[in-house]
Amino acid sequence: MQQGSEAVGEASREEEGASLQEAREIARDAFVYAYPMLYNYKTLYLSTQDPLSSGYTGGFQRFRHFARVLTPKDTDVVTPNNDTPYSMAWLDLRREPLVLRLPEVEKDRYNVFQFCDLFTQNFAYLGVRTTGFKSGRYLIAGPGWDGAVPSDMDGVVRAPTQLVCIVGRTSLSGMGDLPLLRELQKQYLLTPLSEFAGRAPPPPVPHGVFPPWEEARALSARFIGYVNFLFQFIPPVASERALMERFARIGMGAGRVFAPEELPREWVEALEAGVEEGLALIEQAEARTTSFLGLFGTRESMGPDYVLKRAVGAKMGLYGNSPEEAVYGGTQRDANGQPLTGEKSYVLRFNKGGLPPVKFFWSLTLYRLPERELVDNPLERYALGDRTPGLKYGPDGSLSLFIQREMPTAPEQRANWLPAPEGPFTLVYRFYGPDERVQKGQWTLPPVRPLDA
């Protein structure tokens, strides 16, 4: 791929009439636009193209299941989540659609299959919230496919880009639940439509050369090369026509070769300065962001400033769920505005009737800072939630969670103890199947109060 494309050089630059200042501004905006695509591509490349990667799945069209309890020893994972182990897959839909088969799920089991396009936008959901607990067969078709849908399909997922990611999550209720989880994951099956229907497959499509992932390259003017490669798998978006015409002035376009070594030094410097400004914009927006609400979904759900929101979402954590599926949040400060630290003891109290309003379940996980890793403790307890066995409720129906470094002496407090580290930490909540109040930010977590206050 990209062979025979015209390199961007002096002639085309003068013809398009972009000054150095304009190039800098365009590069800034283009980098913000591209940021989630770049880190999405990082996952794609390591999952499907790099056999030496720890995340390698063997290629497209296959799941990689994660089926174990993460511990403080898992230091390569940021804010690890034991609520819902992942089942990840990348799909190449150019040749033909795929059929995803899902098994029946028990009523106390939660699962979800989130579909993300190359922009990291969530465009479809399957799972207990949307399709129920029964088994099902679902056709996943790429853009432009107009073939006949088999009559025994329970639904059709239409992908907006030729390459898409499935982020599957299945609830886990402790170590004893691992065998059942693994058996369930084995039943998540992806099959090419031709194989499913028992007919000859269509001709193969060229695999092409996927450019190796290099972090420094992605954070430089050479990000344009990555984007030009990815644009080949993305049909034009009508609402972004003017945006694409503007980006084309600095060499962006499907299949175009970006060759900065053939450009004047001052032109490359202008592009590099634009990239730095774009990254600074994302980081500044992230620093102002106090909630994940509004950062994940579709262009329409994120609103007119979806480009920046999408980038901030990718910076804070790829593949966040849309709010109707799950809502995440947290705090690093107590009720007095002071940083949470293991030097103090805290209580988080839910009044009667004041538990998180969710359809499925909720959890509260503690991570030490700045690493955002789980905290080693004698109970091997890293989170509390409505599925935690043995939680003690007050006589009035309230629930108090005790967050501190030392194990409480009172038995009722020990049952509700969330162990903390010696130093600073953060609390992250996850609400699965949140009601409308949570989705709209009208419900908030109670304050974390110091016990000596």
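**Warm-up.** In which loop does R372 lie?

R372 lies in the loop between β12 and β13; strands (E, at least two residues) and helices (H or I, at least four residues) are DSSP runs numbered from the N terminus.

Some ground rules before we go on. This is a predicted model, where local features need pLDDT of at least 70, side-chain atom pairs count only at pLDDT 80 or more, and totals for chains, interfaces and linings use all residues. Residues are numbered from 1 along each chain as its sequence is written, and side-chain values use heavy atoms, with hydrogens and water left out.

**Exercise 1.** Describe the backbone around R372 and compare notes with T120.

*Step 1.* R372 is not a glycine, yet its phi is positive, about 60°.
*Step 2.* R372 counts as partly exposed because its relative accessibility is 29%; buried means under 20% relative accessible area, exposed over 50%, and partly exposed in between, with a 1.4 Å probe and protein chains only.
*Step 3.* In the loop between β12 and β13 you also find P370, and the peptide bond joining L369 to P370 is cis, with omega about 5°.
*Step 4.* Turn to T120, another non-glycine residue with a positive phi, about 75°. T120 sits in the loop between β4 (111–116) and β5 (122–127) and counts as buried, at 12% relative accessibility.

**Exercise 2.** Find the sequence-distant partners of T75 and L100.

*Step 1.* T75 belongs to the loop between β1 and β2 and, at 48% relative accessibility, is partly exposed.
*Step 2.* T75 and E371 are 296 residues apart along the chain, while their C-alpha atoms are separated by 8.3 Å.
*Step 3.* L100 is part of strand β3 (residues 98–102) and is buried, at 0% relative accessibility.
*Step 4.* From L100 to T191 the C-alpha distance is 6.6 Å, with their positions 91 residues apart in sequence.
*Step 5.* Setting aside neighbours within four places in sequence, the contacts of L100 (heavy atoms within 4.5 Å) include F63, F115, Y138 and L190.

**Exercise 3.** Work out which side of helix α4 is buried.

*Step 1.* Within α4 (residues 178–185), the buried residues are L178, L181, L184 and Q185.
*Step 2.* These residues lie on the same side of α4 because they cover an arc of only 125° around the axis; the arc is that of the directions from the helix axis to the C-beta atoms.
*Step 3.* Their packing partners are β1 (62–65), β2 (86–92) and β8 (163–170).

**Exercise 4.** Characterise the lining of the second largest pocket.

*Step 1.* The lining has 30 residues, and G174, E380, R381, Y382 and A383 lie nearest the centre. (On a 1 Å grid over the protein atoms alone, a pocket is an open set of points where a 1.4 Å probe fits, with protein on both sides within 12 Å along at least five of seven lines; lining residues have an atom within 4 Å of a point.)
*Step 2.* Strands β12 (358–368) and β13 (383–385) each supply at least two residues of this lining, and β12 gives the most, with four.

**Exercise 5.** Sum up the whole chain.

*Step 1.* The secondary structure comes to 13 helices and 17 strands.
*Step 2.* Of the 453 residues, 52% are buried.
*Step 3.* The C-alpha trace spans about 75 × 55 × 40 Å along its principal axes.
*Step 4.* Among contacts with a separation of 6 or more, 75% are between residues 24 or more positions apart.
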